Amino acid sequence: MYFRSASLPAAATYPQHRHPWGEFVYAFSGVMELKLAGSHYLAPPQYGIWLPPDVEHRGMNRFEASHCSLYLAAEWCRGLPRTACAMAVSPLVKSLLEHLRTQALAHPRTSAERRVFRVLIDQLTLAPAHGSYLPMSDDPLLEPALTALEQHPEDERSLAEWAQALHTTERTLERRCQQQLGLSFSEWRQRLRVVKALAMLEQGHTVEAIALDLGYSSASAFIAMFRRMTGTTPDKVRGHGLVAS
């Protein structure tokens, strides 16, 4: 069991690598991204990313981020998922990770510290697993649209308009979304906007400015979407951090 935390500037990357131990990655602030064999895992602060042993991956963050990694030898990974996934972070898990960070506990040296690590591992085995909060795809039809929306989340073009721009049909594009992302086009775009909003909230932008930047006609419309998607409000996120439901 080994724990480390670090602060990263915007656009930092970890090169492609693998290791024989499992790794749980969590961002205290910012949004962490991992790319694994063509799959793009992205987790805002209410999720962490679990990597089983020997999974090749590359890490990155588009914005400044403060994150940690919990490394677990193979014998500690038996109760955790066998495939990479995003995992919902409960208030207890978040508090335990914060405790390890503030106490600078890289690895347990006493029986009391070992119990803290064991409780954290036990809680991670109970955490709900998700594919990825915002899955990406290298699909030749989807990738141009997803990349364009990532760069311009305020783009309001409908699925039919995107299909026309990509020289395909609306039905084909929606089917690709379900097959490749496990989400509808509309839900994926809303999740993208949540992720973008989280980063902007951390940077100190006002709710009104964020709403306009993301293509909403009013702050109330943006807040309604944010509450529907996260169960809380932007102001509560700014003040207390986002807690998974």
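Where is the place of histidine 167? In this predicted model, histidine 167 sits in the loop between α4 (159-165) and α5 (170-181). That loop residue is a good place to begin, and the tour then moves on to a second backbone outlier, an aromatic cluster and three helix pairs.

## Two residues with positive phi

Most residues other than glycine have a negative phi. Histidine 167 departs from that pattern, with a positive phi of about 60 degrees although it is not a glycine. Its relative accessibility is 75%, so histidine 167 counts as exposed.

Aspartate 54 is another non-glycine residue with a positive phi, here of about 70 degrees. You will find aspartate 54 in the loop between β6 (47-51) and β7 (57-61). At 45% relative accessibility, aspartate 54 counts as partly exposed, because the partly exposed class runs up to 50%.

## Tryptophan 21 and its aromatic partners

Five aromatic pairs turn up in a search of the whole structure. One of them joins tryptophan 21 to tyrosine 71 in an edge-to-face arrangement, with 6.4 Å from centre to centre and 90 degrees between the planes. The pair links distant parts of the chain, 50 residues apart: tryptophan 21 lies in the loop between β2 (12-17) and β3 (22-29), while tyrosine 71 belongs to strand β8 (residues 65-72). Ring pairs also bring in Tyr2, giving a cluster of Tyr2, Trp21 and Tyr71.

Which of these two partners is buried, and which is partly exposed? Tyrosine 71 is buried, with a relative accessible area of 14%, whereas tryptophan 21 is partly exposed at 36%. Leaving aside neighbours within four places in sequence, tryptophan 21 is in contact with Pro52, Pro53, Tyr71, Leu72 and Ala73. For the last of these, the C-alpha atoms of tryptophan 21 and alanine 73 are separated by 4.7 Å, although the two residues are 52 residues apart along the chain.

## Helices α1 and α2

Two packed helices are described by the angle between their axes and the distance between the axes. For helix α1 (residues 91-102) and helix α2 (residues 111-126), the angle is about 145 degrees and the axes are 10 Å apart. The crossing of α1 past α2 is left-handed.

On the α1 side, the contact uses Leu92, Val93, Leu96, Leu97, His99 and Leu100, which meet Val116, Phe117, Val119, Leu120, Gln123 and Leu124 of α2. Sorted by class, this contact has ten nonpolar and two polar residues, with no charged ones. Valine 116 of helix α2 shows the pairing at the level of a single residue: neighbours within four places in sequence aside, valine 116 is in contact with Leu96, His99 and Leu100.

## Helices α3 and α6

Helix α3 (residues 142-151) packs with helix α6 (residues 185-202) at an angle of about 30 degrees, and their axes are 10 Å apart. α3 and α6 are therefore roughly parallel to each other, since the cut-off for that class is under 35 degrees. Their crossing is right-handed.

The contact is made by Leu146, Leu149 and Glu150 of α3 together with Phe185, Trp188, Arg189, Leu192 and Lys196 of α6. By class, the contact of α3 with α6 has five nonpolar and three charged residues, and no polar ones.

## Helices α6 and α8

Helix α6 also packs with helix α8 (residues 219-230): the axes come within 10 Å and cross at roughly 105 degrees. α6 and α8 are therefore roughly perpendicular to each other. From α6, the contact takes Glu187, Gln190, Arg191, Arg193, Val194, Ala197, Leu198 and Leu201; from α8 come Phe222, Met225, Phe226, Arg228, Met229 and Thr230. The classes here are eight nonpolar, two polar and four charged residues.

## Distances across the model

Two C-alpha separations help to place these helices in space. Serine 186 lies in helix α6 and counts as partly exposed, at 44% relative accessibility. The C-alpha atoms of serine 186 and leucine 120 are separated by 35 Å, with their positions 66 residues apart along the chain.

How far apart in space are valine 116 and threonine 230, C-alpha to C-alpha? They are 29 Å apart, and 114 residues apart in sequence.

Notes:
Residues numbered from 1 in each chain as written. Predicted model: local features only at pLDDT ≥ 70, side-chain atom pairs only at ≥ 80, totals over all residues. Heavy atoms only, no water. Axes fitted to C-alpha atoms, helices over the stretch in contact; angles between N-to-C directions. Helix = DSSP H or I, 4+ residues; strand = E, 2+ residues; numbered from the N terminus. Parallel < 35°, antiparallel > 145°, perpendicular 65-115°, else oblique. Left-handed = near helix turned anticlockwise from the far one by under 90°. Contact = heavy atoms within 4.5 Å. Nonpolar A, V, L, I, M, F, W, Y, C, P; charged D, E, K, R; others polar. Phe/Tyr/Trp six-rings, centres within 6.5 Å; stacked < 30°, edge-to-face > 60°. Buried < 20%, exposed > 50% of the residue type's maximum accessible area, 1.4 Å probe, protein only.
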